[in-house]
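Trainee: Could you take me through one part of this model slowly? I'd like a close look at how the aromatic rings pair up, and then at a pair of packed helices.

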Amino acid sequence: MEYVTGIHKYEDVCRSAVTLGKFDGLHKGHQKLIQKVCAYAEKEGLKSIVFAFDMSPFYQNQTGLRKGLVTNEERRSLLEGKVDCLLECPFTKEISGMDAEEFIETVLVKKLHAGYIAVGTDFRFGYQKKGDFHMLKAYAEIYGYEVEVVEKERAYDRAISSTFIKEGLAKGDMELVRNLLGYPYAVRGTVVHGRQLGRTLGIPTMNIYPAKEKLLPPNGVYASRTAIGEKLYEGITNIGIKPTVDETSKILLETYLFEYEGDMYGKEIKVELYDFERPEQRFGSIEELKDRMEQDIETVKQYFKG
């Protein structure tokens with residue numbers, strides 16, 4: 001998959017099938033759009049493109065850092081092998097101030113050479129969000145592209161959206177989040193050295209610091225699976241500040257794998273979160289902490305047994 005950051009860096013001249021949006025989460029609704037693009041591209045011999053607006057420059061200018069369901073790197077990984085090109089377009093003043101008509105002509109037609117465009121019913125673009133699918137259709141005959149407007153996917157009597165998923169994530173409802181995304185919610189990071197307290201307790205953990213732009217569920221204990229290479233290992237994960245032993249303001253993710261022995265320091269892992277077991281809490285002693293961890297491990301093992 002070709003990965004391009006910045007519209008000015010895209011130089012291909014072949015005709016394309018493209019879908020546009022923020023794609024925060026790459027949930028089932030986004031996947032529906034991408035499937036439409038890929039099917040059309042394969043049928044007509046076009047290049048499939050996901051055009052993702054990177055909103056971080058805009059948020060930093062407005063309200064500071066805003067956390068999302070996926071980082072740019074995670075989105076890239078999720079799309080690898082599924083589309084021909086992921087084009088991330090930073091939402092700069094140049095882009096946000098561009099008239100909708102200019103965006104169609106300059107970006108979609110002259111830059112991407114779009115022959116097919118798939119968008120959702122609520123897609124907006126251009127200065128003051130004046131562009132929508134009606135405008136795309138109005139210019140379709142002039143510029144020779146086809147527009148398909150895709151209805152939203154629905155679940156639990158609601159349209160699937162990033163907002164809906166974030167509501168579930170805030171409650172620790174990982175089953176809801178998983179069902180809306182179509183895949184387990186995951187956190188990636190590089191394994192770092194800790195105090196190795198878990199190792200002295202006979203429960204060695206792998207520790208990672210989540211990316212600062214990654215939205216996390218509530219602090220606490222989770223049933224999890226961790227990807228190492230091509231294999232998934234069942235385990236238990238704590239997200240939080242370790243109030244019993246070493247309270248800090250920096251969120252740490254610690255995961256213990258039930259059937260893995262190895263050194264992953266300095267290597268990246270992906271931890272999938274399946275079920276919220278309990279909130280993080282402070283214990284009166286290390287012995288109390290160990291007893292509760294052992295209880296949590298048995299609870300999670302039973303969860304994975306069904």
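Here is a walk through the ring pairs, followed by a helix contact.

Mentor: Sure, and keep in mind that this is a predicted model. Let's start with the rings. The count comes to 13 aromatic pairs. A good one to pull up is Tyr40 with Tyr116, a stacked pair at 4.1 Å centre to centre, with 10° between the planes. What I like here is where the two partners sit. Tyr40 belongs to helix H1 (residues 28-44) and Tyr116 to strand S5 (residues 114-120), so the pair links distant parts of the chain, 76 residues apart. Now check the accessibility of each partner. Tyr116 has a relative accessible area of 0%, which makes it buried. Tyr40 comes out at 18%, and because the cut-off for buried is under 20%, Tyr40 is buried as well.

Now hold that up against Tyr139 and Tyr143. They also form a stacked aromatic pair, with 6.1 Å centre to centre and 15° between the planes. This time both partners are in helix H6 (residues 133-143), and because they are 4 residues apart there, about one helical turn separates them. As for exposure, Tyr139 has a relative accessible area of 23% and is partly exposed. Tyr143, at 24%, is partly exposed too.

Rings also join up into a group in this model. Phe51, Phe53, Phe91, Phe103, Phe123 and Phe125 are linked by ring pairs into a cluster. It's worth colouring those six on your screen.

On to the helices. Two packed helices are described by the angle between their axes and the distance between the axes. For helix H7 (residues 162-170) and helix H8 (residues 174-181), the axes come within 8 Å and cross at roughly 160°. Angles over 145 degrees count as roughly antiparallel, so H7 is roughly antiparallel to H8. The crossing of the two is left-handed. Who makes the contact? On the H7 side you'll find Phe164, Ile165, Gly168 and Leu169, and H8 contributes Met174, Leu176, Val177, Leu180 and Leu181. Sorted by character, the residues of this contact are 8 nonpolar and 1 polar, with no charged ones. The polar one is Gly168, because Gly is counted among the polar residues.

One last stop, away from rings and packed helices: Glu94 in helix H4 (residues 93-96). Glu94 is partly exposed, at 48% relative accessibility. Its C-alpha atom is separated by 33 Å from that of Glu44, 50 residues apart along the chain.

Notes. Residues numbered from 1 in each chain as written. Predicted model: local features only at pLDDT ≥ 70, side-chain atom pairs only at ≥ 80, totals over all residues. Heavy atoms only, no water. Axes fitted to C-alpha atoms, helices over the stretch in contact; angles between N-to-C directions. Parallel < 35°, antiparallel > 145°, perpendicular 65-115°, else oblique. Left-handed = near helix turned anticlockwise from the far one by under 90°. Contact = heavy atoms within 4.5 Å. Phe/Tyr/Trp six-rings, centres within 6.5 Å; stacked < 30°, edge-to-face > 60°. Buried < 20%, exposed > 50% of the residue type's maximum accessible area, 1.4 Å probe, protein only.
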